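Here is a quick walk through a protein model, written for someone who would rather be at the bench. Have a look at the fold before reading on.

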Amino acid sequence: MALERWFLRIVVLAIASLVVLLLPAGAQEGEGWKLCNRTSYVIEAAVGHEEGSGITVEGWTKLHPGACRIALAGPLKAGMHYLYGRTSSAHLGGGREWGGRKDLCVDPTGAFSLESPPDCAAMGLETQGFRPVDITRDGSWTNLFTEIENYSEDAARNAGLQRLLDEAGVVSSNVDGFIGQRTRAAIADFLKLRGLPANLSDADLIDYLEQAAEERGRNVGFTLCNRTKNRIWSAIARRSPEGWESRGWWRIEAGGCARVIDRPLRGSEHFVYAEMEDGAQLRTLANANEAFCVGRAKFAISGREDCEDSAYRTALFTRTPAPVERKLVYEFFARDFTEATRK
């Protein structure tokens, strides 16, 4: 659909403006496809390689900030390969992705190895856009995931610790790659509270902090879940301290969920909008009567009036139940949508 093409375009452009993607570094010691994480995020990576007449996709390879791992054992054969990365669900502020326009299937729930399945959704899989990587020599290859800060290995590890300490609720500080006394004291307190050894390695500390951040995140925020058999595109609206705002789009596959706000919810007024793909037709929410602005591509809009004057369009949202203990889960069912209309 046109919306999907616009959304994927804006995602790719946004990512390209924030990070330098997939920098080829030539042959390295050992054989295989090595991935290195020079960001402040825990990244989960999937790789694809051509095999016979199809493409085999394997995941997930977890990359700690500042760490490298072999994602595809060698020796490599020169040719086109494919790479996709996503941040761990422990990270706040919405998921970040590194990818491209080559659609391949992944299993979002755990480790997998897939050989060119013809229909992702029919097998309970998700479609993700992979970045083609032209590996030009046999044997070994290295790609880097980076941020605009251009962290070194040590700085990326420190920045990752700072980010996870904040997201786990241990201590809040700037994510700059420099660990100060206050942060070291907070780490010592965290280790003591969890009954962990004081000489715990950075890698193990990152694992424990990631787990703590995930546990904390499950108890707050706003989650949308798709209980239909089709893909939906969703948006939300709410009153912020600055006034009314609307945001979207989130693509949610059949049976999937998306955490659209990962902070404790403030206020009681929240609204949702969704468009469900149904073959060649499109269905919108029935019984919706709250007007907000939406964009054709990914958007964040302040205000809810005069949408068309600002090159947006007006859509009717549905009010959600009030959050309970600063948390809200909203489920979309097929019965919530209108009869199908032509796109």
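What follows goes from the whole chain to one sheet and then to the aromatic rings.

## The big picture

First things first: this is a predicted model. The protein has four helices and 21 strands. Of its 343 residues, 50% are buried.

Contacts across the sequence are well represented here: if you take contacts with a separation of 6 or more, 72% of them come from residues 24 or more positions apart. As for the outside, the protein exposes about 17,300 Å², with carbon and sulfur atoms supplying 47% of that area.

## A three-stranded sheet

One spot to look at is an open sheet of three strands, ordered S14-S11-S20, where the pairing is mixed. Strand S14 (257–261) and strand S20 (327–332) sit at the edges, each pairing on one side only. On average, neighbouring strands in this sheet are turned by 20° against each other, ignoring direction.

Strand S11 covers residues 221–226 and pairs with S14 in the antiparallel sense, over four bridges. If you want a pair of residues to find on screen, try Cys225, whose bridge partner in S14 is Cys257.

## Rings that meet

How many aromatic pairs does the structure hold? The count is 13. Take Tyr84 and Phe130: their ring centres are 5.6 Å apart and their planes are at 40°, so this pair counts as tilted. Tyr84 belongs to strand S5 (residues 79–87) and Phe130 to strand S9 (residues 126–135), so the pair ties together parts that are 46 residues apart in sequence. Buried or exposed, Tyr84 and Phe130? Both are buried.

Tyr273 and Phe317 make another tilted pair, because their ring centres are 5.3 Å apart with the planes at 35°. Here Tyr273 lies in strand S15 (residues 270–278) and Phe317 in strand S19 (residues 313–319), so parts 44 residues apart in sequence get tied together. Tyr273 and Phe317 are both buried. They also belong to a cluster linked by ring pairs, together with Trp244, Trp249, Phe271, Phe292 and Phe299.

## Charges over rings

Phe292, one of the rings in that cluster, has company: the charged end of Arg304 sits over the Phe292 ring, 3.9 Å from its centre. Elsewhere, the charged end of Arg86 sits over the ring of Trp60, at 3.7 Å from the ring centre.

Key: Residues are numbered from 1 along each chain as its sequence is written. This is a predicted model: local features need pLDDT of at least 70, side-chain atom pairs count only at pLDDT 80 or more; totals for chains, interfaces and linings use all residues. Side-chain values use heavy atoms; hydrogens and water are left out. Two strands pair if DSSP finds at least two bridges between them. Helices (H or I, at least four residues) and strands (E, at least two) are DSSP runs, numbered from the N terminus. Axes are lines fitted to C-alpha atoms, for helices over the stretch in contact, and angles run from 0 to 180 degrees between N-to-C directions. Buried means under 20% relative accessible area, exposed over 50%, partly exposed in between (1.4 Å probe, protein chains only). Contact means heavy atoms within 4.5 Å. Accessible areas come from the Shrake-Rupley method with a 1.4 Å probe; for residues, only the protein chains shown count as cover. Rings of Phe, Tyr and Trp (its six-membered ring) pair if their centres lie within 6.5 Å; planes under 30 degrees apart count as stacked, over 60 as edge-to-face and the rest as tilted. A charge sits over a ring if NZ of Lys or CZ of Arg is within 6 Å of the ring centre and within 35 degrees of the ring normal.
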